[in-house]
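Please look through the sequence and the 3D structure shown here before reading on. The report that follows moves from strands to aromatic rings and then to a pocket.

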Amino acid sequence: MSNLIKDNAIVADEWARVTPPSLGEETVRKQAGKVVLFKLTGEETFTAEQIAATEIPSGKVLVPFTVWRANKDALASRVSQGEVGLLIATHEAIEDVIAEVKDINAFALLAVFVERFADGRIFTIGNLLRTRYGFKNELRAVGDVLRDQLFFLKRSGFNSYLIRADRSATEALASLKDFSEPYQGAVDIA
């Protein structure tokens, strides 16, 4: 069963996610003796070697921002046909994405990847994409997305959610109705 929630229903995911290959050991960062579980804003997600070795299949694909940036000329016609979605990690500066993209609404799908549920940057990115940058198409939350966050992700402008594989999408769907009347304004209130 699918774990994708869109338009208040559980639907099949028609987008294939492109992932650069792992080309060796990843660097583990430590801070005060602990492994740091998040990346700093603006840090590169993948190495140049990983990006060069990435294969992009045909059909609808969700491509990481750094991979798209390296291949944007080759992917331009597919973007205009609605076959390429952009995957943005929460540690990537949204301003850098906007600077690279001529028309953010050329993408049928923007997905924001959150590595850990405790990373609140996903809410800010969603809000900025909808309000400041005027994104009108599907905005999807992916990664460590949990039931408790869906109502607030919706308030931040998201309209589809890929729930973690080990969680129930049916239970998560119910959370979109957890609160009947919010007491503050947000992106979802016009």
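In this predicted model, residue L109 has E138 in β9 as its bridge partner. The two strands concerned, β8 (residues 109–114) and β9, run parallel and are joined by six bridges. Between them the chain passes through helix α4 (residues 121–131), and the β-α-β crossover made in this way from β8 to β9 is right-handed.

Strand β9 also pairs with β10 (residues 160–162), again in the parallel sense, over two bridges, and here R140 stands opposite S160 in β10. Together with helix α5 (residues 150–155), β9 and β10 make a right-handed β-α-β unit. Strand β9, which spans residues 138–143, is mostly covered, since five of its six residues are buried.

The aromatic rings come next. The count of aromatic pairs comes to three, and two of them are set out in the table below.

| Pair | Distance between ring centres | Angle between planes | Arrangement |
|---|---|---|---|
| F65 and W68 | 6.2 Å | 25° | stacked |
| F151 and F152 | 5.5 Å | 90° | edge-to-face |

The planes of F65 and W68 stand at 25°, so this pair is stacked, given that planes under 30 degrees apart count as stacked. F65 and W68 lie three residues apart in helix α2 (residues 65–80), and therefore about one helical turn separates them. Both F65 and W68 are buried, and with F107 they form one aromatic cluster.

For F151 and F152 the planes stand at 90°, so the pair is edge-to-face, the cut-off for this class being over 60 degrees. Is each member of this pair buried, or partly exposed? F151 has a relative accessible area of 9% and is therefore buried, whereas F152, with a relative accessible area of 39%, is partly exposed.

What remains is the space around some of these residues. The second largest pocket holds about 240 Å³ of space. Its lining includes W68 and F107, two members of the aromatic cluster described above, and among the other lining residues are K72, D73, A76 and V79 as well as E100, V101, K102, D103 and A106. Helix α2 gives the most to the lining of this second largest pocket, with five residues. Sorted by class, the lining of the second largest pocket has six nonpolar and five charged residues, and no polar ones.

How values were computed
Residues numbered from 1 in each chain as written. Predicted model: local features only at pLDDT ≥ 70, side-chain atom pairs only at ≥ 80, totals over all residues. Heavy atoms only, no water. Phe/Tyr/Trp six-rings, centres within 6.5 Å; stacked < 30°, edge-to-face > 60°. Helix = DSSP H or I, 4+ residues; strand = E, 2+ residues; numbered from the N terminus. Buried < 20%, exposed > 50% of the residue type's maximum accessible area, 1.4 Å probe, protein only. Pairing = 2+ DSSP bridges. Right-handed = clockwise from strand over helix to strand, strands pointing away. 1 Å grid on protein atoms, 1.4 Å probe; cavity = no way out; pocket = protein on both sides within 12 Å on 5 of 7 lines; lining within 4 Å. Points joined across faces, edges and corners; volume = space filled by probe spheres on them. Nonpolar A, V, L, I, M, F, W, Y, C, P; charged D, E, K, R; others polar.
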